[in-house]
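Trainee: I've just opened this one and I don't know my way around yet. Could you pick a single part and take me through it slowly, including what sits beside it?

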Amino acid sequence: MKINRNYCRLTDNYLFSTIAAKTRAYQAAHPHQALIKLSIGDVSRPLPTPIVQALRNASDEMGQARTFHGYGPETGYPWLKTAVKSYYQTTKNVTLDPTEIIISDGAKSDVANLLDIFAPHCTVAMTDPVYPVYWESNVMVGHKIKLIKATAANQFLPLPSRRARADIIYLCNPANPTGVCYTREQLKKWVDFARKHDAVILYDAAYEAFVRDPALPTSIYQIEGARQCAIEICSLSKTAGFTGLRCGYTIVPNDLKAGTVSLNRCWQRRQTAKFNGVSYPVQKAAAAVFSSTGWTAVQRNLRYYQRNTALITQTLDALAWPYVGGVHSPYVWVRCPAGQTSWQFFDYLLTNAGIVCTPGVGFGKAGEGYVRLTGFNTTAQTRRACQLLSHVLTKFRK
Ligand code: PLP
């Protein structure tokens with residue numbers, strides 16, 4: 001058998017399984033202690049009523065001969081593309097053509113599957129620490145990966161450099177796991193760099209809805225020149241609680257060309273050949289997100305997570321504890337106490353406060369010495385965790 005040997009280069013992803021195993025073992029030894037997970041990378045609020053109603057109505061339609069839907073258009077129903085187009089126009093002042101919007105089952109598959117349209121043996125730049133899917137999907141296809149460190153030395157927001165010269169550049173903004181966000185001026189530097197060096201930017205905007213400051217970018221197409229060099233991948237997972245429903249969209253501008261070849265056409269061809277589209281009820285639910293009642297309800301959930309995240313950052317601020325993120329992102333990237341590794345601090349927080357965090361080193365070597373906390377738990381649990389966290393960190397301040 002001839003398998004893809006690149007798969008043998010992938011180590012098992014131990015991060016979340018190790019967190020789960022350590023947490024289970026600690027809970028078994030301390031059955032009466034309530035643990036609080038600030039490691040959650042999933043939403044916890046239920047879907048808002050207008051979205052559930054849209055799902056229900058669409059399911060009812062599927063049960064009637066007159067309104068039943070079989071295979072839909074592979075790249076998404078026109079009415080959902082229209083809703084996304086108007087979302088971009090009204091909230092970002094970005095004009096898109098519906099043909100540029102390709103509906104998908106989420107950002108994870110798209111950031112990985114997009115590699116199908118590029119040549120073999122590409123050089124790919126991405127940050128360290130990084131959302132692990134970029135790394136793993138590029139190892140699978142055998143691309144050469146160049147890691148660009150995102151550390152305190154560059155405020156966790158690396159800018160273009162010789163090291164970043166690559167065919168493909170992944171940017172995640174706001175970033176997972178650090179929670180930081182580029183300004184428009186910084187993003188413009190990446191756009192200019194990509195155009196100068198004939199690179200394509202794969203811009204992951206999964207957390208754009210968490211950006212609060214209108215001066216910060218929520219789409220790369222707010223930057224002049226981006227239509228010529230960037231693909232934007234977006235998701236309704238964190239924006240609207242779709243982690244279990246599965247829907248997102250990828251924007252491939254018609255201006256984006258490799259010579260005379262349209263990348264939009266390549267991606268449409270790839271999707272129509274290998275994907276049969278997102279289910280009708282889920283696309284109806286997605287369209288409801290962009291309705292006025294849906295959007296109001298979605299905002300309520302986003303504010304809920306943002307308030308939780310603010311509880312964490314206020315706790316750290318009160319101790320003058322070093323961290324970044326947490327303002328335009330549900331993620332807070334927290335420095336471990338002096339001398340502790342990510343896993344040592346994970347163990348320390350678990351055993352001394354009953355708090356579960358995510359060790360930063362799980363996102364890459366440069367994540368060592370940090371942990372990631374999230375605002376995705378309930379407010380009551382987050383508030384309790386903050387009291388415990390404050391108590392634990394105060395000891396290191398003495
Ligand atoms: N991109 C980033 C940066 C993420 O953090 C995540 C999920 O955690 C995803 C993409 C996946 O999104 P989806 O649920 O749409 O596949």
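Mentor: Let's start with a pair of residues you can click on: Thr-123 stands opposite Lys-144 in strand E4. Before we go on, bear in mind that this is a predicted model. The pair belongs to a longer match-up, since E3 and E4 (residues 144-149) run in the parallel sense and are joined over 6 bridges. Between these two strands the chain passes through helix H5 (residues 132-141), and E3, H5 and E4 together make a right-handed β-α-β unit.

Stay with H5 for a moment and find Pro-132, which has its place in that helix. Is Pro-132 buried or exposed? Its relative accessibility is 17%, and the cut-off for buried is under 20%, so Pro-132 counts as buried. If you leave out residues up to four places away in sequence, Pro-132 touches Asn-13 and Phe-363. Ala-28 is another matter: from Pro-132 to Ala-28 it is 104 residues along the sequence and 29 Å in space, C-alpha to C-alpha.

Now back to E3, as this strand leads us to the part I'd like you to look at closely. Rolling a probe the size of a water molecule over the atoms shows where empty space is left. Done over the whole structure, a search finds 2 cavities of 30 Å³ or more, and the largest has a volume of about 120 Å³. Which strands help to line the largest cavity? Strand E3 (123-128) and strand E5 (168-172) each supply at least two residues of its lining. E5 has the largest share, with 3 residues.

In total, 18 residues line the largest cavity, and those nearest its centre are Thr-127, Pro-129, Phe-156, Cys-172 and Ala-175. What kinds of residue make up this lining? The split is 15 nonpolar, 3 polar and no charged.

One of those central residues deserves a second click. Phe-156 lies in the loop between E4 and E5. The phi angle of Phe-156 is positive, about 65 degrees, although the residue is not a glycine. Phe-156 is at 6% relative accessibility, so it counts as buried. Compare that with Asn-93, which also has a positive phi without being glycine, near 60 degrees. Asn-93 has its place in the loop between helix H3 (78-92) and strand E2 (101-104), and with a relative accessible area of 66% it is exposed.

Next, follow the chain on from E5, and you'll meet two prolines with a cis bond before them. Pro-174 lies in the loop between E5 and helix H6 (184-196). A cis peptide bond joins Asn-173 to Pro-174, with omega about -10 degrees. The loop between E5 and H6 also holds Pro-177, and there the peptide bond from Asn-176 to Pro-177 is cis, with omega near 15 degrees.

It helps to set the other cavity beside this one. The second largest cavity has a volume of about 50 Å³. Its lining includes Val-43, Arg-45, Lys-238, Asn-301 and Tyr-305. Which elements give two or more residues to that lining? They are helix H7 (237-240) and helix H10 (292-318), and H10 gives the most, with 4 residues. By class, the lining of the second largest cavity has 5 nonpolar, 3 polar and 2 charged residues, whereas the lining of the largest cavity has no charged ones.

One last stop, for a pairing in the other sense. Turn to the open sheet of 4 strands in the order E11-E12-E15-E14, where the pairing is antiparallel. E11 (323-325) and E14 (358-359) stand at the edges with a single partner strand each, so one side of each has no neighbour in the sheet. Inside that order, strand E12 (residues 331-335) and strand E15 (residues 370-374) are joined by 5 bridges. Trp-333 stands opposite Arg-372 in E15, just as Thr-123 stands opposite Lys-144 in E4.

Note on methods:
Residues numbered from 1 in each chain as written. Predicted model: local features only at pLDDT ≥ 70, side-chain atom pairs only at ≥ 80, totals over all residues. Heavy atoms only, no water. 1 Å grid on protein atoms, 1.4 Å probe; cavity = no way out; pocket = protein on both sides within 12 Å on 5 of 7 lines; lining within 4 Å. Points joined across faces, edges and corners; volume = space filled by probe spheres on them. Nonpolar A, V, L, I, M, F, W, Y, C, P; charged D, E, K, R; others polar. Pairing = 2+ DSSP bridges. Right-handed = clockwise from strand over helix to strand, strands pointing away. Buried < 20%, exposed > 50% of the residue type's maximum accessible area, 1.4 Å probe, protein only. Contact = heavy atoms within 4.5 Å.
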